[in-house]
Amino acid sequence: MSKADVLFVNMCRDIIENGFSSEGQEVRPRWEDGTPAHTIKRFGVVNRYDLSEEFPALTLRPTAIKSAVDEVLWIWQRKSNNINDLKPHIWDEWADPDGSIGKAYGYQMGVKYKFPQGEMDQVDNVLWSLKNTPYSRRIMTNIFNFQDLHEMNLEPCAYSVTFNVTGNKLNAILNQRSQDILAANNWNVVQYSVLVHMFAQVSGFVPGELVHVIADAHIYDRHIDIVKELIERPQYPAPKFRLNPNVKNFYDFTTDDIEITDYQKNPQITGIPIAV
């Protein structure tokens, strides 16, 4: 069985059985009909995925892996904040008429800073560090830029990644301030797992662990029954993942360089309501 399924089921059960409800509190998100979107949450959820053992895609329902990777490349590789540069339509609700989401996500990755080795952006600094000072404890990115928050259409949810090399393994910690567990959990897990695979390959390492830290792990009120049904589904072995070994430059990767095989999964859940 997929270890990602086991982690997901245990997390969801813990949230439902032991979580804190926001009922009675004033909340920002709203459903399309204007009703307050309340949640039940757990604080400080930590999940560890050993990428050397399996690729952590859920089998409880399919995850659109290539679409998820297109988004992470939109942020980390294309460094864009415009939905016209992105294939999935997940950001449409937050875009202005020109397609911009403001000074968020990819915009922050493209900002150049002065590092000891010269002026470069955060992504290029990570790539440089992994090749030149791989055992540094300072290899990280952070896109929660307080100076620009007022110009972001949505403040970053997954905001920081710390990379750490142990022996020949590249590990990473993904820090997330908030997560809609049903809609986004495995989406984020698979996209940052692929990012670790990509960075490891171009830097001469093998993938190690992805540690996912979620400050506010929540299930929306209109998602609870869906999640209850989801976590009772059959579980299957994790799919096989392969990255094109000929790509040696991070900026050359495309979603076509990803191969997913033996992906046995349950039916997709459609029509999930999204709070905005």
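User: Which strand holds His218?
Analyst: This is a predicted model. Look at residues 206–220, which form one strand. His218 is found there, in strand 8.

User: Is His218 buried or exposed?
Analyst: The cut-off for buried is under 20% relative accessible area. His218 has 6% relative accessibility, so His218 counts as buried.

User: Which side chain makes a polar contact with the side chain of His218?
Analyst: A polar contact needs a pair of N or O atoms within 3.5 Å. The contact here is 3.0 Å. The partner of His218 is Asp216.

User: Which residues does His218 touch, leaving out those up to four places away in sequence?
Analyst: Contact means heavy atoms within 4.5 Å. Some of the residues touched are Thr39, Ile40 and Lys41. The others on the list are Ser178, Gln179, Asp180 and Ile181.

User: Why does the radius of gyration of the protein agree with a compact globule?
Analyst: The protein has 276 residues. A compact globule with 276 residues would have a radius of gyration near 19 Å. The two agree because the protein has 19 Å.

User: What share of the residues in the protein is buried?
Analyst: His218 is one buried residue. The share is taken over 276 residues. Buried residues make up 53%.

User: Among contacts between residues at least 6 apart in sequence, what share joins residues at least 24 apart?
Analyst: Start with contacts in the protein between residues at least 6 apart. Then keep those that join residues at least 24 apart. The share is 69%.

Technical notes. Residues are numbered from 1 along each chain as its sequence is written. This is a predicted model: local features need pLDDT of at least 70, side-chain atom pairs count only at pLDDT 80 or more; totals for chains, interfaces and linings use all residues. Side-chain values use heavy atoms; hydrogens and water are left out. Helices (H or I, at least four residues) and strands (E, at least two) are DSSP runs, numbered from the N terminus. Buried means under 20% relative accessible area, exposed over 50%, partly exposed in between (1.4 Å probe, protein chains only). A polar contact is a pair of N or O atoms within 3.5 Å; within protein, one must be able to donate a hydrogen and the other to accept it, and residues adjacent in sequence count only if both atoms are side-chain atoms. The radius of gyration is taken over C-alpha atoms; the globule rule is 2.2 Å times the number of residues to the power 0.38.
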